[in-house]
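I opened this notebook to record what I looked up in one structure. The entries follow the order in which I worked.

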Amino acid sequence: MTTKLTRRGFVALAAGELLALAGCGQAQSAGSQAATTQAADPVEVRVASLKGPTSIGLVSFMDKAASEDSGLANTYDFTISAAADEIVPKVISGDVDVALVPANVASVLYNKTEGGVLALDVNTLGVLNVVTGDASIQAFEDLAGRTVYLTGKGASPEYVMGYLLDAAGIADQVTLEFKSEATEVVSALVADPSAAGILPEPFKTAALAKNSQLASPIDLTDVWDAHAKDGSRLLTGVTVVRAEFAEQHPQAVSEFVEQQNASVEAVKAAPDDWAQSVVDHGIVDAAPIAAKAIPGCNLACLTGAELASALSGYLDVLSQFDASSIGGKLPGDDFYYDKL
């Protein structure tokens with residue numbers, strides 16, 4: 001679906017504060033600053049993201065781009081989709097320039113296009129949580145002997161759970177039952193108090209707000225960190241750009257990432273201020289839920305060495321579990337955009 005951008009005022013941050021921020025701000029070099037200030041023909045940047053955390057981090061940017069006095073060198077057309085399979089063909093066909101997609105899908109796109117898609121940044125870290133009505137489930141190993149409901153058959157949630165269950169030594173003791181939507185997972189948990197489910201933010205927060213008997217005792221990011229190797233991190237979203245677009249419009253790419261980083265930091269710093277914008281863009285239904293969910297969305301903007309380390313490690317783990325989940329093989333070093 002295409003969101004209707006609002007004209008809410010953009011919360012201005014001092015330039016000095018932006019440069020001090022972690023994430024993409026750290027990757028901004030003197031060279032990239034010069035590139036963004038050089039005269040260049042303005043272009044329209046077509047951006048696609050997913051309904052969920054990857055789009056939550058963009059709401060400040062989207063509001064700024066919609067204002068008449070945005071001060072941006074380029075124009076931006078933002079589209080929020082319900083599923084990654086709506087975005088992938090548009091990236092391949094060239095109808096989308098920048099896309100925020102699941103981390104494994106970024107690798108799939110690189111392989112499908114034979115290097116025609118590059119990774120700009122990690123935009124969301126781990127957002128998966130165990131939700132249950134059973135108070136005896138306190139550790140990941142407590143899932144042994146239970147049914148776990150989740151969405152994401154053939155996608156990241158399945159691969160992440162497969163890896164973690166193997167790592168914890170309980171893969172043969174847990175039954176995974178896949179549902180098509182998060183609401184179905186919640187319904188299953190209410191019907192079976194002894195079961196557990198895997199829910200991402202902001203759906204986890206919404207489920208807990210509506211069902212007082214449910215709790216979320218386990219963050220899968222913590223479980224991943226306990227088994228992590230070679231700098232891998234549990235990731236959710238990665239921002240990619242078509243290589244041809246990046247080559248033709250490097251200033252536009254630099255501006256996009258700078259504004260993305262500023263947006264992420266603004267939303268993280270003031271969830272209450274941006275909760276209504278999250279609702280206005282159709283990402284979450286209620287502002288109170290959005291405000292509570294934002295801190296758990298692990299919004300980020302990791303570029304450069306951080307991007308390469310976190311993403312390559314994550315993809316390597318997925319590759320060992322199921323190579324098809326990343327498009328058959330690990331991306332080459334040229335996958336990681338290094339001109340910011």
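**Entry 1: Helix packing**

I began with H7 and helix H15 (residues 304–321), whose axes come within 10 Å and cross at roughly 80 degrees. H7 is therefore roughly perpendicular to H15, since angles of 65 to 115 degrees fall in that class. I note that the model is predicted.

I then listed the residues that make this contact. H7 contributes Ser156, Glu158, Tyr159, Val160, Gly162, Tyr163 and Asp166, and H15 contributes Tyr314, Val317, Leu318 and Phe321. I sorted the residues of the H7 contact with H15 by class and obtained seven nonpolar, two polar and two charged.

I next looked up helix H4 (residues 59–66) and helix H13 (residues 271–280). Their axes lie 9 Å apart, and the two helices pack at an angle of about 70 degrees. H4 and H13 are therefore also recorded as roughly perpendicular to each other. On the H4 side I found Val59, Ser60 and Asp63, and on the H13 side Trp274, Ser277 and Val278. The classes in the contact of H4 with H13 are three nonpolar, two polar and one charged.

**Entry 2: The sheet**

I traced an open sheet of six strands with mixed pairing, and I wrote down the order as S2-S1-S3-S10-S4-S11. Which strands are at the edges? They are strand S2 (75–81) and strand S11 (299–302), each of which pairs on one side only. From one strand to the next, I found an average twist of 25 degrees.

Within the sheet I looked at one pair in detail. Strand S1 (residues 44–50) and strand S3 (residues 98–102) run parallel and are joined by two bridges. I located Ala48 opposite Ala99 in S3.

I also asked which strands helix H12 lies across. Helix H12 (residues 250–269) lies across S1, S2, S3, strand S4 (117–125), S10 and S11. With respect to S11, H12 runs at about 150 degrees.

**Entry 3: The largest pocket**

I looked up the largest pocket and recorded a volume of about 1400 Å³. Its lining comprises 47 residues, and those closest to its centre are Lys51, Ala82, Thr151, Pro200 and Phe203. Among the elements that give two or more residues to this lining are helix H3 (53–56), helix H6 (103–112), helix H7 (156–168) and helix H8 (182–191). Strand S8 (196–200), helix H9 (203–210) and strand S10 (235–242) also belong to that list.

Which element gives the largest share of the pocket lining? I found that H9 does, with four residues. By class, I counted 29 nonpolar, eleven polar and seven charged residues in the lining of the largest pocket.

**Entry 4: The cavity**

I asked how many cavities of 30 Å³ or more a search of the whole structure finds. The search returned one. The space in the largest cavity is about 30 Å³.

I listed the lining of the largest cavity as Pro53, Thr54, Gly57, Leu58, Leu100, Asn123, Thr124, Gln260, Val264 and Leu299. H3, S4 and H12 are the elements that give two or more residues to this cavity lining. I recorded its classes as five nonpolar, five polar and no charged residues.

**Entry 5: Cross-references**

I marked two elements for return. H7 appears in the contact with H15 and in the lining of the largest pocket. H12 lies across the strands of the sheet and lines the largest cavity.

Definitions and conventions:
Residues numbered from 1 in each chain as written. Predicted model: local features only at pLDDT ≥ 70, side-chain atom pairs only at ≥ 80, totals over all residues. Heavy atoms only, no water. 1 Å grid on protein atoms, 1.4 Å probe; cavity = no way out; pocket = protein on both sides within 12 Å on 5 of 7 lines; lining within 4 Å. Points joined across faces, edges and corners; volume = space filled by probe spheres on them. Nonpolar A, V, L, I, M, F, W, Y, C, P; charged D, E, K, R; others polar. Pairing = 2+ DSSP bridges. Axes fitted to C-alpha atoms, helices over the stretch in contact; angles between N-to-C directions. Contact = heavy atoms within 4.5 Å. Parallel < 35°, antiparallel > 145°, perpendicular 65-115°, else oblique.
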